[in-house]
Amino acid sequence: MSYKKRLDGRDFEEPRPMEAKVGIIPRADGSAMFKIGDTIAYAAVYGPRNLHPRFLQDPTKGILRVNYNMMPFSGSGDRVRPGGSRRSKEIALVTEKALLPVLDLSDFPNAVVDVFIEFPQTDAGSRCAGISAAAMALADAGLAMKDLVSAVAVGKVDDRIVADLCYAEEAYEDGDVADIPMAYLPTLDRFTLLQMDGVVAKDDISKGLELGRKVCRQIAEVQKAALKNKYGAGVEKNDS
Amino acid sequence: MSEIIAKEKEVVVPGEILATGMDYLPSNGTYRHGDNIVSSMLGVLRVDGKVLKTMPLSGAYLPMKGDTIIAQVTEILISGWRVDTNSAYSAVLSLKDGSSSYIPHGADLSQYFGIGDYMITKIVNVTSQNLIDITMKGPGLRKLKGGRAIYVNTNKVPRVIGKGGSMVSMIKNCTGCQITVGQNGVIWVQGEPKNEIIAVDTIKKIEAESHIPGLTEKIKQHLEKVTGKKVNQNVV
């Protein structure tokens, strides 16, 4: 049996429709929304600010603290129990590791930059949507960043390599499924997150990475447009 | 061959390639990656000869030596006061720098500055660990009584002040309020309650629209509309 047509009718290399907005939470220092298909991520950045408890303070540089949270009725099935879980803790950790390489927090010793990522609705690919939203929120917070971070999952459904799996594809039962979430720095051409779930041949991983690169560049364009769009009317031409 | 790819005075995002070739130099908010100069901030591109800069549009206040700021007392220490600087770091006002008059040993320090008091103060030193010393000794530095303090984006402070203080003096003249703008984004306004509200609204308007061309004219019209008075910009 082979996978001839995607369950939601997309092309094999086509991501779900995307939408991004920056500056949606006025009280936060930086914020962004990233929506891909039915997965919606909101990210809010606070700081650099005073860090407590004090034993977490690092006198050489500021630290990044990420919180990942799925809202109770955000999934398609059971209610997600509120509060942290083993899963959310892991995803917060990999999100932090995916974002840190672009950030320079050496100007903020003993301080913290807090990132809160909330999901009102999810349909697979939430860690990737969260990273894409958080990258925009960090840029909006005015932090020094070497590059944006764009994230997507690629995978193999049965015999086809596909981009940006939806939940129905992750749960595909007529063949093997592999799911490879990745985060990518579009200008520096580096990967900062690479995880895998499932079974996949070595060759297909390389093909998957190549496809992931391509899709991440598309995501980066959406992120860029959203960041610029916040200051839509242009900037005053004279200095003050 | 070198050329600038992004447009000057336009918004650039982190990771955006600004220029190629070795003829241009990276400065604040940009860095060199191979042959390219890349932005490391969300901001506005400025080209100064061969030097490329990104001026940030947002971000928290980072304390700098010599800045005049408005700070709030958060704690009374054994020989001084700890104040909030609207940044990630608090500052210490030592007894010696707190008052020009002699403070006797064992005096009640809350007599001078109580918790919650605002003051106009100056940063005298910032260490590499961002420990901050401030002083009250200097022209215009004082404790603030009455009025109200509002918080604006630090990067918008130059806009609120305007060229040579033109914007802030326009608001002062129009509303009759006393206004002090701290470099840390805290602005203190004192006057008739009705006028205070007009001044605060105007400052918030400047903050929201500072990136739109023709700001001064817009604010002038806004002030004329709400106060019903003609604004003469040349009177300082």
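Author: Two residues are in contact if their C-beta atoms, placed from the backbone, lie within 7 Å. This is a predicted model, where local features need pLDDT of at least 70, side-chain atom pairs count only at pLDDT 80 or more, and totals for chains, interfaces and linings use all residues. Residues are numbered from 1 along each chain as its sequence is written, and chains are lettered from A, ligands numbered from 1, in the order in which they are written.

Reader: Which residues does A:Ala133 touch?

Author: Leaving out residues up to four places away in sequence, A:Ala133 touches A:Ala32, A:Met33, A:Phe34, A:Ala41, A:Tyr42, A:Ala43 and A:Ile117.

Reader: What makes the set of 132 residues a nonpolar core?

Author: A nonpolar core is a set of buried Ala, Val, Leu, Ile, Met, Phe, Trp, Tyr and Cys residues joined through C-beta atoms within 7 Å. Buried means 20 or more other C-beta atoms within 10 Å of a residue's own (exposed is 12 or fewer, partly exposed in between; C-beta atoms are placed from the backbone). The largest such core has 132 residues, so they fit that description. A:Ala133 and A:Met136 are among those with the most contacts inside it.

Reader: And how much of chain B is buried?

Author: By that cut-off, 37% of its 236 residues.

Reader: How many residues does each chain bring to the contact?

Author: Chain A brings 35 and chain B brings 31. On chain A's side, 17 are nonpolar, eight polar and ten charged. Here Ala, Val, Leu, Ile, Met, Phe, Trp, Tyr, Cys and Pro count as nonpolar, Asp, Glu, Lys and Arg as charged, and the others, Gly among them, as polar.
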